[in-house]
There are 2 protein chains.
Amino acid sequence: MNIGAAAKQAELPTKTIRYYEEIGLIRPAARGANGYRDYSNEDLHILRFVQRARGLGFGVRDCRELLSLYRDRNRASADVKALAEQRIAAVERKIEELQSLRETLCHLVERCTGDDRPECPILSDLAAESQ
Amino acid sequence: MNIGAAAKQAELPTKTIRYYEEIGLIRPAARGANGYRDYSNEDLHILRFVQRARGLGFGVRDCRELLSLYRDRNRASADVKALAEQRIAAVERKIEELQSLRETLCHLVERCTGDDRPECPILSDLAAESQ
DNA sequence: CTTGACCTTCCGGCGACTGGAAGCCTCATA
DNA sequence: TATGAGGCTTCCAGTCGCCGGAAGGTCAAG
């Protein structure tokens with residue numbers, strides 16, 4: 001299976017697949033007589049695996065870990081769970097950060113009349129001497 | 001005032017200040033006889049302004065807009081408000097995305113026993129044929 | 001006069017791709 | 001058999017918002 005077809009199956013751009021190969025996230029694909037990459041069903045599993053892991057917000061480094069656990073028949077599921085829990089914690093931190101940002105922005109927006117006059121508490125606050 | 005002192009006042013790394021100058025976000029600082037950048041109080045306001053806008057999640061492009069509004073005495077506060085509201089919308093979209101991510105991850109984690117056995121629904125789901 | 005903390009510029013790298021150029025390969029159609 | 005479209009290959013550059021480091025000039029204190 002050529003890279004284009006594999007890309008469709010895995011819902012990944014061909015560019016991204018080649019990139020993953022380049023950085024060693026996935027193993028180099030087999031090559032046909034014409035030099036084209038040739039993907040097996042096993043390869044497709046791996047590609048989909050990575051696509052989904054990335055979709056869940058795991059970084060490429062995490063994906064390496066996950067893939068090596070995936071391939072390790074002697075893995076402990078606890079290790080996988082730990083990675084996922086770290087991910088959850090990071091997501092939760094990010095959510096809180098964004099919620100606090102949202103709060104601040106909303107307060108600023110509420111105080112701005114939003115008309116054709118130049119006075120604007122948003123700009124004033126940004127430019128203020130302190131805080 | 002040298003760049004180091006300005007950096008402390010504005011709570012920005014010196015590298016970042018030079019970078020902002022390089023990309024034309026802020027105007028080139030005046031130079032002393034020794035070639036050192038020299039920052040005025042007005043410059044400090046601008047630096048703090050940018051620091052806070054970035055802290056609120058505005059991109060550099062938005063900061064350009066905000067700075068040009070800040071300098072424009074004929075601005076309409078509506079324009080500033082619109083920028084802030086766009087930012088809020090973007091933040092809210094991101095929050096929802098992350099919350100949905102969190103949900104998915106939590107479901108996966110709940111189903112994983114997290115012991116020393118290799119069976120793991122997280123890995124199974126990532127590798128699954130579809131969905 | 002030396003030391004160490006500044007300052008200057010320039011270059012390269014980060015993460016995770018994405019776009020584009022230049023050049024093969026393949027396949028369907030005229 | 002020629003042609004054209006599309007797919008494949010590699011490599012280089014750019015994205016965003018910086019950060020680290022090297023090589024060298026400047027300055028204030030001891």
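## Polar contacts and the predicted model

A polar contact is a pair of N or O atoms within 3.5 Å, and one such pair joins a phosphate oxygen of DNA strand D to an N or O atom in the side chain of Tyr20(B), at 2.6 Å. The model in which this distance was computed is a predicted one, and the values that follow should be read with that in mind.

## The surface near DNA strand D

DNA strand D is surrounded by 20 residues, and the closest of them are Arg18(A), Arg37(A), Lys15(B), Thr16(B) and Tyr20(B). Of the atoms of DNA strand D that come within 4 Å of the protein, sugar and phosphate account for 65%. Sorted by class, the surface near this strand has seven nonpolar, six polar and seven charged residues.

Individual contacts show which parts of the strand and of the protein are involved. A polar backbone atom of Gly4(A) is 2.8 Å from a phosphate oxygen of DNA strand D, whereas Tyr36(A) places a polar side-chain atom 2.8 Å from a base nitrogen of DNA strand D. Two or more residues of the surface near DNA strand D come from each of helix H1 (3-10) and helix H2 (14-22) of chain A, and likewise from helix H2 (14-22) and helix H4 (60-71) of chain B. The largest share, four residues, is that of H2(B).

## The surface near DNA strand C

Around DNA strand C there are 20 residues, of which Lys15(A), Tyr20(A), Arg54(A), Gly4(B) and Arg18(B) come nearest. Sugar and phosphate make up 68% of the atoms of DNA strand C that come within 4 Å of the protein. The surface near DNA strand C consists, by class, of seven nonpolar, six polar and seven charged residues.

Chain A reaches phosphate oxygens of DNA strand C through a polar side-chain atom of Thr16(A), at 3.1 Å, and through a polar backbone atom of Val60(A), at 3.5 Å. From chain B, an N or O atom in the side chain of Arg31(B) lies 3.0 Å from a phosphate oxygen of DNA strand C. At least two residues of the surface near this strand are supplied by each of H2 and helix H4 (60-71) of chain A and H1 and H2 of chain B, and H2(A) gives the largest share, with four residues.

## Arg37(A), beside DNA strand D

Arg37(A), one of the residues closest to DNA strand D, lies in strand E2 (residues 37-38) of chain A. Because its relative accessible area, computed with the protein chains only, is 17% and the limit for a buried residue is 20%, Arg37(A) counts as buried.

The side chain of Arg37(A) makes a polar contact of 3.0 Å with the side chain of Glu21(A). When neighbours within four places in sequence are left aside, the residues in contact with Arg37(A) include Met1(A), Asn2(A), Ile3(A), Arg18(A) and Ala29(A).

## An aromatic pair in chain B

Over all chains there are four aromatic pairs. In one of them, the rings of Tyr19(B) and Tyr20(B) have centres 6.0 Å apart and planes at 50°, so the pair is tilted. The two residues are not equally accessible: Tyr19(B) is partly exposed, at 41% relative accessibility, while Tyr20(B), at 6%, is buried.

## The nonpolar core

In soluble globular proteins, nonpolar side chains tend to be buried together. The largest nonpolar core of this model has 82 residues, and those with the most contacts inside it are Leu47, Leu66 and Ile122 of chain A together with Leu47, Leu66 and Ile122 of chain B. Beyond its neighbours within four places in sequence, Leu47(B) is in contact with Ala6(B), Ala10(B), Leu12(B), Ile17(B), Ile26(B) and Tyr39(B).

## Glu11 in the two chains

Most residues other than glycine have a negative phi. Glu11(A), however, has a positive phi near 55°, and Glu11(B) has a positive phi of about 55°. Glu11(A) is found in the loop between H1 and H2 of chain A, and Glu11(B) in the loop between helix H1 (3-10) and H2 of chain B.

Glu11(A) is exposed, with a relative accessible area of 63%, and Glu11(B) also counts as exposed, at 61% relative accessibility. In chain B, the C-alpha atom of Glu11(B) is 7.3 Å from that of Gln51(B), a residue 40 residues apart from Glu11(B) along the chain.

Key. Residues numbered from 1 in each chain as written. Chains lettered and ligands numbered in written order. Predicted model: local features only at pLDDT ≥ 70, side-chain atom pairs only at ≥ 80, totals over all residues. Heavy atoms only, no water. Near = heavy atom within 4 Å. Polar contact = N/O pair within 3.5 Å; in protein donor to acceptor, adjacent residues only side chain to side chain. Nonpolar A, V, L, I, M, F, W, Y, C, P; charged D, E, K, R; others polar. Buried < 20%, exposed > 50% of the residue type's maximum accessible area, 1.4 Å probe, protein only. Core = buried A, V, L, I, M, F, W, Y, C linked by side-chain atoms within 4.5 Å. Contact = heavy atoms within 4.5 Å. Phe/Tyr/Trp six-rings, centres within 6.5 Å; stacked < 30°, edge-to-face > 60°.
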